[in-house]
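Welcome, and please open the model in your viewer. We will go from stop to stop, selecting a few side chains at a time.

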Amino acid sequence: MSESIGSSFHLFPDYKRIVHAPIFFKYFASDRRHMKDHDGGWIHPPPSYDPVTAADGSGTKHNLNEYMNISSMEVINNFEQDSINGVLCKKLGAVIDENLLEDFLQRVFSAIKS
């Protein structure tokens, strides 16, 4: 679990945003602005591949902050089907308490299999 999710990147350490990969790849976009300093110079050389643009046809160039920002109002505290559907269908997935993450993911994986 810790190797899959990682524990070294903690913006909001008690919560994790879970997004189903096909949904993430459809909506996520990053023009790499987070890799530049306040003068516009690169903090580190950028990757050789093009910046990621949302594949949903919206033309979105950057929404990394939407995925990184977590509000306590978003946190789900139950394992109801609506919560699982949120992970599988919503652009920003679902936010879950880290202590419930493993149990919640088991239910999500079960829903994917069935």
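Start by selecting F25 and showing its side chain: this residue is exposed, because its relative accessible area of 60% is over the 50% cut-off. Keep in mind as you look around that this is a predicted model.

Now add F24 to the selection. How do the rings of F24 and F25 meet? Their centres are 6.0 Å apart and their planes stand at 65 degrees, so the pair is edge-to-face. F24 itself counts as partly exposed, with a relative accessibility of 26%.

Next, bring in Y67. The ring of F24 has its centre 5.3 Å from that of Y67, and the two planes make an angle of 80 degrees, so this pair is edge-to-face. Colour the helices for this step: F24 belongs to helix α2 (residues 21-27), while Y67 belongs to helix α3 (residues 64-68). The pair therefore ties together parts of the protein that are 43 residues apart in sequence.

Is Y67 buried or exposed? Switch on a surface and check: Y67 is buried, with a relative accessible area of 8%.

Keep F24, F25 and Y67 on screen and add F28. Ring pairs link F24, F25, F28 and Y67 into a cluster. Over the whole protein, the count comes to five aromatic pairs.

Time for some charges. Select R32 together with Y49: the charged end of R32 sits over the ring of Y49, at 5.2 Å from the ring centre. Then select K36 and W42. Here the charged end of K36 sits over the ring of W42, and the distance to the ring centre is 4.7 Å.

Finally, zoom out and switch to a cartoon view. Which elements do you meet on the way from the N terminus? They run α-β-α-α-β-α-β-α, which comes to five helices and three strands.

With the whole chain in view, try colouring by burial: of the 114 residues, 27% count as buried. Turn the surface back on, and you are looking at about 7,800 Å² of exposed area, with carbon and sulfur atoms supplying 52% of it.

One last thing to try is a contact display. Among contacts between residues at least 6 apart in sequence, 65% join residues at least 24 apart. The F24 and Y67 pair, with its parts 43 residues apart in sequence, is a good place to end the tour.

Key
Residues are numbered from 1 along each chain as its sequence is written. This is a predicted model: local features need pLDDT of at least 70, side-chain atom pairs count only at pLDDT 80 or more; totals for chains, interfaces and linings use all residues. Side-chain values use heavy atoms; hydrogens and water are left out. Helices (H or I, at least four residues) and strands (E, at least two) are DSSP runs, numbered from the N terminus. Buried means under 20% relative accessible area, exposed over 50%, partly exposed in between (1.4 Å probe, protein chains only). Contact means heavy atoms within 4.5 Å. Accessible areas come from the Shrake-Rupley method with a 1.4 Å probe; for residues, only the protein chains shown count as cover. Rings of Phe, Tyr and Trp (its six-membered ring) pair if their centres lie within 6.5 Å; planes under 30 degrees apart count as stacked, over 60 as edge-to-face and the rest as tilted. A charge sits over a ring if NZ of Lys or CZ of Arg is within 6 Å of the ring centre and within 35 degrees of the ring normal.
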